[in-house]
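Here are some exercises to work through with the sequence and the model side by side. Try each task before reading its solution.

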Amino acid sequence: MKYFSLNNRTHSSSFENAVIRGLAPDKGLYFPEHIQKLPDSFFAALPNMSQTEVAYHAIKQFVGDEIPEKDLKEIIATTLDFEFPVVHVKDNVYTLELFHGPTLAFKDVGARFMAGSLGYFITKNEVGKVTVLVATSGDTGGAVANGFLGVEGIDVVILYPKGKVSKIQEKQLTTLGENVTALEIDGAFDQCQDMVKQAFLDEEIQSKRQLTSANSINVARWLPQMFYYFLAYRQLASEGKDIVFSVPSGNFGNICAGMVAKELGLSIKHFIASNNANRTVTDYLETGNYEPKPSVSTISNAMDIGNPSNFVRILELFQNEYGNVKENLTSFSYNDEETKQAMQSVYKETGYVMDPHGAVGYLGLQEHFKTHPDEVGAFLETAHPCKFRETVQEAIGKEIEIPDAIKEVLKKEKKAISIKDYADLKSFLLSEQGI
């Protein structure tokens, strides 16, 4: 499999290079040159396959022969060593719980797969030390920190916006130490992301450090998210109805990976991008004009992104045709009050506890059902409710129990370096402390 840059189709890359570099030389996102549908025999066998086998068949064409089958299956087995249950909530409404991994967030999958892939290439080819530079709006930081902790040859530097992640999220990314450093930025996530992109363009930094990113711009972080949809589908297929997925969407990597799963032949009827007040894509689908805006803070903070990086990949999937995008994707936007009311009403009606991101996904699914009442849908629960404990407790009027693993994290001391701007980031990356 070869990859091209979405800024320059003549640039070609191997999977290994795309993983190590993160971005193309022109700073375009990498995209596979072709997507081959999986054979009917795979889908016939899907219900009886192990999680590892399902994921291996889904991802192998994107890796090619660059990681041998044995090693690739070992990486996948480590990535997927927890469950992904589909839970019935009410008539025709299910939720896919993606928070049963080590940091209780859906990003555990992409972070672990990328850590395994990058670690394999560094060891095999003596690449030398690589710095994973990543911005987080919430769960990415903890998942990346956990996934790359102690991986030989890799340093991890995480930028996060001060006061705009939950207490648990902050502890997960600031308490591990070892090869993980957290940088606290006095600003919004978009500023963190812009600083990361600027560092990739900085020749002085590039001469001293081999940088890659563990945001979903990296193909090894982005593509494994397709596993969710295959694992959910085999649990839902017995319903015998069209299945739609409502995905809480921030940087749009998760939902874009789901669309790749559909390109591989998975029978998905439609996708719903459920947004909070950061509604750049919702506005685009309503008007046809794509106009990124500064992000605003919400209680579903992992989606507080005004310029979603992965939307360019969705445009590529649909030939950059507005009509094609609109046919395959619907988007709705909800404010914090609507999100809280959804958490409260679903708990009262069914006893199910949603986190703020899952609640936005639920609202999008319910709105879709107004015009498609006969379909079966699943919204994605992307993080454990305890990670937003105060917000959830306020909404449902019940105390949320904190898992023992999180209790241990909360006891640890926060260690973060405060920086103000790009000059501070550059100084850190070039310093002996940063090196």
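A salt bridge is a side-chain nitrogen of Lys or Arg within 4 Å of a carboxyl oxygen of Asp or Glu. Please keep in mind throughout that this is a predicted model.

**Exercise 1. Salt bridges**

Task: Find how the side chains of E408 and K411 meet, and say how exposed each of the two residues is.

Solution:
- Step 1. Start with the N to O distance, which is 3.2 Å for E408 and K411. The cut-off is 4 Å, so the pair forms a salt bridge.
- Step 2. Next, look at the surroundings. E408 has a relative accessible area of 44%, which makes this residue partly exposed.
- Step 3. K411 reaches 64% relative accessibility and counts as exposed.
- Step 4. Shared partners are worth a look too: R279, D283, E286 and K293 are joined into one network by salt bridges.

Task: Which parts of the chain does the pair R9 and E316 tie together?

Solution:
- Step 1. Check the contact itself: the side chains of R9 and E316 form a salt bridge at 2.6 Å, N to O.
- Step 2. Place each partner. R9 belongs to strand β2 (residues 8-13) and E316 to helix α14 (residues 311-317), so the salt bridge ties together parts 307 residues apart in sequence.
- Step 3. Compare the settings. R9 is exposed at 54% relative accessibility, whereas E316 is buried at 15%.

Task: Place the salt bridge of E394 and K340 in the chain.

Solution:
- Step 1. For E394 and K340, the N to O distance is 4.0 Å.
- Step 2. E394 sits in helix α18 (residues 389-396) and K340 in helix α16 (residues 336-350), so to speak two distant parts of the chain, 54 residues apart.
- Step 3. E394 is exposed, with 59% relative accessibility, and K340 is partly exposed, with 24%.
- Step 4. To finish, set these pairs against the whole structure, where a search finds 18 salt bridges.

**Exercise 2. An annotated lysine**

Task: Is K107 buried or exposed, and which residues does K107 touch?

Solution:
- Step 1. Begin with the record: an unreviewed UniProt entry lists K107 under "modified residue: N6-(pyridoxal phosphate)lysine".
- Step 2. Locate the residue: K107 is in helix α5 (residues 107-125).
- Step 3. Apply the accessibility cut-off. Buried means under 20%, and K107 has 11% relative accessibility, so K107 is buried.
- Step 4. List the neighbours. Beyond four places in sequence, K107 touches D139, T140, A143, R221 and Y228.

**Exercise 3. A helix and its arginine**

Task: Which residues of α11 are buried, and what does R234 contact?

Solution:
- Step 1. The buried residues of α11 are F227, Y228, Y229, F230, L231, A232, Y233 and L236.
- Step 2. Because eight of its ten residues are buried, α11 is largely enclosed by the rest of the structure.
- Step 3. Now turn to R234, which lies in this helix (residues 227-236) and is partly exposed at 24% relative accessible area.
- Step 4. Setting aside neighbours within four places in sequence, R234 contacts L46, P47, M49, S50, Q51 and V54.
- Step 5. Among these, M49 has its backbone oxygen 2.3 Å from a polar atom of the R234 side chain.
- Step 6. As a check on the fold, R234 and A45 are 189 residues apart along the chain, with 9.9 Å between their C-alpha atoms.

**Exercise 4. Two domains**

Task: How many residues does each domain give to the contact, and how many salt bridges are counted between the domains?

Solution:
- Step 1. Set the bounds: domain 1 is assigned 84-102 + 221-396, and domain 2 is assigned 130-208 + 402-434.
- Step 2. Count the contact residues: 21 come from domain 1 and 19 from domain 2.
- Step 3. Consider the area. The two domains bury about 1,400 Å² between them, with 45% of it on carbon and sulfur atoms.
- Step 4. On the domain 1 side, N301, C386 and K387 lose the most area to domain 2, together 36% of what that side buries.
- Step 5. Finally, the charges: zero salt bridges are counted between domain 1 and domain 2, while eight residue pairs are in polar contact across the interface.

Technical notes: Residues numbered from 1 in each chain as written. Predicted model: local features only at pLDDT ≥ 70, side-chain atom pairs only at ≥ 80, totals over all residues. Heavy atoms only, no water. UniProt positions renumbered as here; feature names shortened; annotations may be inferred. Helix = DSSP H or I, 4+ residues; strand = E, 2+ residues; numbered from the N terminus. Buried < 20%, exposed > 50% of the residue type's maximum accessible area, 1.4 Å probe, protein only. Contact = heavy atoms within 4.5 Å. Domains from an automatic or database assignment. Buried area = accessible area lost by both parts, 1.4 Å probe. Polar contact = N/O pair within 3.5 Å; in protein donor to acceptor, adjacent residues only side chain to side chain.
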